[in-house]
Amino acid sequence: MFNGFISFIKLLASKDKGLYVFIHDLTGFYPNHIEYYKLAFVHRSKSVKDENGNWVNNERLEYLGDAVLDLVVAAYLYRHFPEKHEGFLTSTRAKIVQRESLNRIGSIFHLDRHVKASAHSSSHNSYISGNVVEAFVGAIYLDKGYECARKFIEKKIIRDHIDIVNLVNTEKNFKSRLIEWTQKYHVTIEYELRDTYNDAENNPVFCTAVLLGGIFAAQATGYSKKESHQGASEKALQRLNSDPKFYQQVVATAESADTTSHNS
């Protein structure tokens with residue numbers, strides 16, 4: 001209560017009143033450290049200098065928020081689906097935190113209205129909104145701690161805006177589908193970052209290959225690692241469905257591994 005009162009006093013004296021009010025309306029609390037949230041809305045195309053003269057943006061907060069989201073969603077699903085196997089839990093978590101879901105949630109929260117980005121990046125990068133969701137979660141974690149971040153994710157993201165039943169029955173996440181297939185046939189899967197570069201507008205591009213049973217299956221590029229994983233997974237699934245020889249080669253790797261383990 002006392003901390004909330006102090007935060008409210010800071011609000012009255014702050015030039016960031018609008019942001020304070022926005023965060024309170026969305027989360028139910030006033031920030032202790034508004035700077036975390038201000039940074040969460042700074043896209044790399046509009047990086048700013050911190051007090052030490054370093055150029056900063058929301059990518060580090062995005063990295064942190066991504067990890068917190070994964071943990072909270074994993075724990076939530078573990079508690080709410082005690083009879084489900086690991087493959088189901090992995091697939092469902094992937095569907096909840098996939099970029100399309102986070103983009104939708106970011107738009108519902110109107111986080112995109114507060115993003116500071118170049119005009120080109122805003123129109124070119126369709127994942128800015130979802131990235132800001134992760135950065136915003138990272139800001140909550142740093143400002144209020146894990147428990148507060150957990151409550152925000154479970155209530156405002158999962159319960160209010162994720163239809164778990166419908167999500168379980170959708171098959172839009174190519175990576176989760178591919179993971180389920182490899183688990184069914186006991187095939188190893190590996191995502192390998194092959195290249196990173198900047199496009200003509202200085203946006204980062206990631207090239208990822210997916211290997212099944214140690215065999216190259218496909219590769220794809222994207223404006224985030226997750227996007228490149230999805231593209232490579234989609235191509236790998238298409239190849240498994242259209243190339244019987246490749247399918248048999250991949251499945252045979254699991255049989256070979258079983259034989260080796262028994263002999264040893």
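**Two pockets and two residues**

The residues that line the largest pocket fall into three classes: eleven are nonpolar, 16 are polar and 17 are charged. That is our way into this structure, which is a predicted model.

Let's stay with this pocket for a moment. Its volume comes to about 1,300 Å³. To find its centre on your screen, look for Val97, Arg99, Glu134, Ser224 and Lys226, which are the closest to it among the 44 lining residues. Which elements give two or more residues to the lining? There are helices 4 (59-80), 5 (86-97), 6 (99-108), 8 (128-144), 10 (164-168), 11 (174-184) and 12 (225-242), together with strand 4 (204-212). Of these, helix 12 gives the most, with seven residues.

Now turn to the second largest pocket, which holds about 400 Å³ of space. Its lining is made of 18 residues, and those nearest the centre are Ile34, Glu35, Tyr36, Lys38 and Leu39. Three elements give two or more residues here: helix 2 (17-27), helix 3 (34-40) and strand 1 (48-49). Helix 3 has the largest share, with five residues. Sorted by class, this lining has nine nonpolar, three polar and six charged residues.

With the pockets in view, we can zoom in on single residues. Start with Thr208, which you will find in strand 4. Is Thr208 buried or exposed? Its relative accessible area is 1%, and because buried means under 20%, Thr208 counts as buried. What does the side chain of Thr208 make a polar contact with? The partner is the side chain of Ser228, at 2.7 Å. Ser228 also appears in the list of residues that Thr208 touches, leaving aside those up to four places away in sequence. That list includes Tyr191, Glu192, Leu193 and Arg194, as well as Ala218, Gln219 and Ala220. His229 and Ala232 are touched by Thr208 too.

Our last stop is Glu255, which sits in helix 13 (residues 244-263). Glu255 has a relative accessibility of 49%, so it counts as partly exposed, since exposed would need over 50%. Try locating Val187 as well: Glu255 and Val187 are 68 residues apart along the chain. In space, the C-alpha atoms of Glu255 and Val187 are separated by 8.9 Å.

Definitions and conventions. Residues numbered from 1 in each chain as written. Predicted model: local features only at pLDDT ≥ 70, side-chain atom pairs only at ≥ 80, totals over all residues. Heavy atoms only, no water. 1 Å grid on protein atoms, 1.4 Å probe; cavity = no way out; pocket = protein on both sides within 12 Å on 5 of 7 lines; lining within 4 Å. Points joined across faces, edges and corners; volume = space filled by probe spheres on them. Helix = DSSP H or I, 4+ residues; strand = E, 2+ residues; numbered from the N terminus. Nonpolar A, V, L, I, M, F, W, Y, C, P; charged D, E, K, R; others polar. Buried < 20%, exposed > 50% of the residue type's maximum accessible area, 1.4 Å probe, protein only. Polar contact = N/O pair within 3.5 Å; in protein donor to acceptor, adjacent residues only side chain to side chain. Contact = heavy atoms within 4.5 Å.
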